[in-house]
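Reader: I should like to learn how the features of a multi-chain model are read, one at a time. May we begin with the structure itself?

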Amino acid sequence: MDVRDRVARAVLACMAAITASGIFLIALAVVLGGWPALPDLIGTVWRPEEGRFGALPLLAGSLLVSLGASAGAVPLGIGMGLFLVEVAPPLLADLMRRLLRAMAAVPSVVFGFVALDLVVPWIRARFGGLGLSLMAASIVLTAMVLPTVAAVAEDALRAVSPALREGAYALGASQGQVAWRLVLPAARRGLAAAAVLALGRALGETTAVLMVMGNAAAFPRSPVDPARTLTSAVALEMAYAAGRHRQALFACGALLLVLNLVTMHLARRAAEGGAER
Amino acid sequence: MRALLTALALLVTGMMIGLVGFLTVRGAGSLTPGFLFSMPSGSGGEGGILPAALSTLWLAAGALSLALPLGVGTAVYLVEYARPGPLVCAIRTLTETLAGVPSILFGLFGFALFVVRLGWGPTLLTASATLALMLLPTVVRTSEEALAAVPQDLREGAAALGSSRWDAVRRVVLPQAAPGIATGALLALGRAVGETAAVLLTSGVGLTLPRTIMDSSRPLAVHLFLLAGEGSAGGRAHATALALVIGTLLFNVLADLALWRRRAS
Amino acid sequence: MSSYRPKMETRGLRVFYGEREALRGVSLAVPDRSVTALIGPSGCGKSTFLRSLNRMHDLSHGVRVEGRVLLDGRPIERLDPQVLRCRVGMLFQRPNPFPMSIYRNVAFGPALFGVRGAELERIVVTALQRVALWEEVKGRLHQDATGLSGGQQQRLCLARALAMEPEVLLMDEPCSALDPAATEAIETLIGELRRTMAIVIVTHSMDQARRVADRVAFFQGGRLVEDGPADQVLTRPQREETRRFLAHSPAWLA
């Protein structure tokens, strides 16, 4: 009996160790693969065919798309959170939550596909250009990131104690005033976490962005210009990259990993700060 | 304020329904059994999606068969064996961190390790192994919850009967936690079916029928991705997208149902 | 003490939580410039009654209110609830300071209605002085209010309510979460405030009722059993139920 227990414990511990090492394996892969080309990334021109691997345009693309998506998803997501907490009757709220979960489950490639058919032509008609653009990518990403923001925002808003709300109503506040002047400020830590989380998720997104962004690896000069992100560069070019190019792509992966780890850490810090109060 | 927020909720609902509705309108006509079960022709733009659908099934099964034991094992270790403390916290944090990593990086990892270093090349097995790592945090998290929800007195009852911890886990705790673990598995399957970025670099893009998991063939998500890139193939592309959405939503609905029934009992 | 017409009055007030009738036809007059204490066993409807006076039940689902509640002779359902709550303020059982600075807490109410700048500052200072909190916090007005002690927090909440210059103040067991020293401070304030407003206070302590109340109303099982001048109800109650209730609390023995 005891032997079996010890064997079981050992095996299970190994499994846990493998799981825990997953993140290190990923880090190892990108660092080992891209380490020599890291210095190459410092530069403003990404033209692999000429041997130039300046990743700044890619970084700019990633940041611009993600910030654009956050600018859309954060207010909309917080609004959804407010709706779920303050306005919707419990049955409707439950239904909406399921809807948001379903939205979160739709694959990235489907979002990209639908955007390609609907959003891109609209942009082309309205604003000229190819339609394949930063704007298209930001719009798709907003929709994709929205459910996450809404879920985190709802938790943060619900955590504001009912006693505080009562106090505000008792002073003569309307529902809108209670939400705007009490609940939102009181939940600001959790809402900040939601915002950072949105940014982090958007930075990591690949497929949908790739499909609607046009993939010109230059600094976009307007929202209607095409652009390329760190993620889409890796996905697109890896298939045919060799030698230094391949290393540069791995290095982009390393950069992406760092960005991701930093944002996720910040989001966690913000969320925990809120829980303390 | 109510009016504004309600309008917002309607907008979001409309977006979601619009997405599915759009695909249904354009694609439902093409989504016939013939389409599902026939081979593609041309360069994939014509004909059916049988190889892609089969590849997806291989992929999901393969990834889950790796992720489930590993994930449940990890969860069992964390909940039943490990002593609460910095070690457990560390493992949890590392797992959570893994959960947030962009999928393309898993693809890079899979490419670097399985395709290049181990020389497996782009096959469904490669993609499965890569995907398994990606699904691991989901499986661990849901399994942990399911295990933690098993009441302590069940474990104590088993111990009082002279059972070893492993026997108690195997005979009492795991069966009790099985519905919750199944929920996690269903969620993971849903993700596996829809994933593109991690799989793009590892599964290959062939259009042949995959007879074993060692074959190189494109799963449905990759197929849709490539179709879109080549300029939509009419209703067939929409049908493919619709099939994907139905597939993923199906798993999520099943997972929701499993959760519901567990809560009801 | 009493004026010609009661400041607030209920006639046949009934409150239903779903199917359950929590308040059965209560008719009570609350005179101006006095303290009316509501006493009775737990769950007898005192708090339900109190919350009817400033329409807090509007905020809960499934609560039905019947009968009339009058403020200065006018039915409160005809008033805008926000305006009503400006005139009828409330202090809660547990102090509930908002997670913001002391200043912003007290300024919250007036700011809702557009008061700003020097006028707002004046109101905040006056309110804090009225509750004898000014000296203690004047150096740290912009610090978070949750850093104050329990007694200070409750006085802060009182200042917050007073900043609206209410005509009626409703207090739901305001001292139950406080130590004796803080309780004494609040009771002293009640003594001052009654000179300018009508106060309705729910209390579990007969001692407290004796110390602060001008009138006492005894509730039981959702009904108003007896009400009248404080020393009459507390020492020479006219109803058997009142007598029995008081017999179980120390005040009777004192």
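Reader: Which residue follows H1(C), and what is the sign of its phi?

Author: A word on the source comes before the answer: this is a predicted model. The residue that follows H1(C) is C:Arg55, and its phi is positive, near 55°.

Reader: Is helix H1 (residues 46-53) of chain C mostly covered or mostly exposed?

Author: Burial is judged by counting neighbours around each residue, with 20 or more other C-beta atoms within 10 Å as the cut-off for a buried one. In H1(C), 6 of the 8 residues are buried, and the helix is mostly covered. The buried set consists of C:Lys46, C:Thr48, C:Phe49, C:Arg51, C:Ser52 and C:Leu53.

Reader: How do S4(C) and S5(C) pair, and what lies between them?

Author: Strand S5 (residues 74-75) of chain C pairs with S4(C) in the antiparallel sense, over 2 bridges. The bridge partner of C:Leu71 in S5(C) is C:Arg74. The two strands form a hairpin with 2 residues between them, and C:Asp72 in the turn has a positive phi of about 50°. S4(C), which covers residues 63-71, also pairs with strand S1 (residues 8-17) of chain C, in the antiparallel sense over 8 bridges. There C:Phe16 stands opposite C:Arg64 of S4(C).

Reader: What is the strand order of the open sheet of 6 strands in chain C?

Author: A sheet is read by its order, its edges and the sense of its pairing. Here the order is S6-S7-S8-S3-S9-S10, and the pairing is mixed. S6 and strand S10 (223-229) are the edge strands, each pairing on one side only. On average, neighbouring strands are turned by 15° against each other, direction ignored.

Reader: In which sense do strands S7 and S8 of chain C pair, and over how many bridges?

Author: Strand S7 (residues 168-172) and strand S8 (residues 198-202) of chain C pair in the parallel sense over 5 bridges. Within this pair, C:Met171 has C:Ile201 of S8(C) as its bridge partner. Helix H6 (residues 150-162) of chain C lies across S6 and S7, and runs at about 170° to S6(C).

Reader: How many helices and strands are there in chain B?

Author: Chain B has 11 helices and 2 strands. Taken from the N terminus, its elements run α-α-β-β-α-α-α-α-α-α-α-α-α. The C-alpha trace of chain B spans about 65 × 60 × 35 Å along its principal axes. Of the 265 residues in the chain, 52% are buried. Among contacts in chain B between residues at least 6 apart in sequence, 74% join residues at least 24 apart.

Reader: At what angle do helices H5 and H6 of chain B pack?

Author: Two packed helices are described by the angle between their axes and the distance between the axes. Helix H5 (residues 103-117) and helix H6 (residues 124-148) of chain B pack at about 135°, with axes 9 Å apart. H5(B) and H6(B) are therefore oblique to each other. The crossing of H5(B) past H6(B) is right-handed. Residues in this contact include B:Phe106, B:Gly110 and B:Phe114 of H5(B), together with B:Ala129 and B:Leu133 of H6(B). By class, the contact has 7 nonpolar, 5 polar and no charged residues.

Reader: Which chains share the most contacts?

Author: Of the 2 pairs of chains in contact, chains A and B share the most contacts. That contact takes 64 residues from chain A and 61 from chain B. Helix H1 (residues 2-34) of chain A gives the largest share of the chain A side, 19 residues. The chain A side divides into 42 nonpolar, 15 polar and 7 charged residues. Chains B and C do not touch, their nearest C-alpha atoms being 14 Å apart.

Reader: How many residues of chain C are in contact with chain A?

Author: 19 residues of chain C are in contact with 15 residues of chain A. On the chain C side, helix H2 (81-87), strand S6 (88-91) and helix H3 (102-112) are the elements that give two or more residues. The residues of that side divide into 11 nonpolar, 5 polar and 3 charged.

Reader: Why is A:Tyr169 counted as buried?

Author: A:Tyr169 is buried because 23 other C-beta atoms lie within 10 Å. A:Tyr169 lies in helix H6 (residues 162-170) of chain A. Not counting residues up to four places away in sequence, A:Tyr169 touches A:Val178, C:Leu59 and C:Arg85.

Notes: Residues are numbered from 1 along each chain as its sequence is written. Chains are lettered from A and ligands numbered from 1 in the order in which they are written. This is a predicted model: local features need pLDDT of at least 70, side-chain atom pairs count only at pLDDT 80 or more; totals for chains, interfaces and linings use all residues. Axes are lines fitted to C-alpha atoms, for helices over the stretch in contact, and angles run from 0 to 180 degrees between N-to-C directions. Helices (H or I, at least four residues) and strands (E, at least two) are DSSP runs, numbered from the N terminus. Angles under 35 degrees count as roughly parallel, over 145 as roughly antiparallel, 65 to 115 as roughly perpendicular and the rest as oblique. A crossing is left-handed if the near helix is turned anticlockwise from the far one by less than a right angle, and right-handed if clockwise. Two residues are in contact if their C-beta atoms, placed from the backbone, lie within 7 Å. Ala, Val, Leu, Ile, Met, Phe, Trp, Tyr, Cys and Pro count as nonpolar, Asp, Glu, Lys and Arg as charged, and the others, Gly among them, as polar. A residue is buried if 20 or more other C-beta atoms lie within 10 Å of its own, exposed if 12 or fewer, and partly exposed in between; C-beta atoms are placed from the backbone. Two strands pair if DSSP finds at least two bridges between them.
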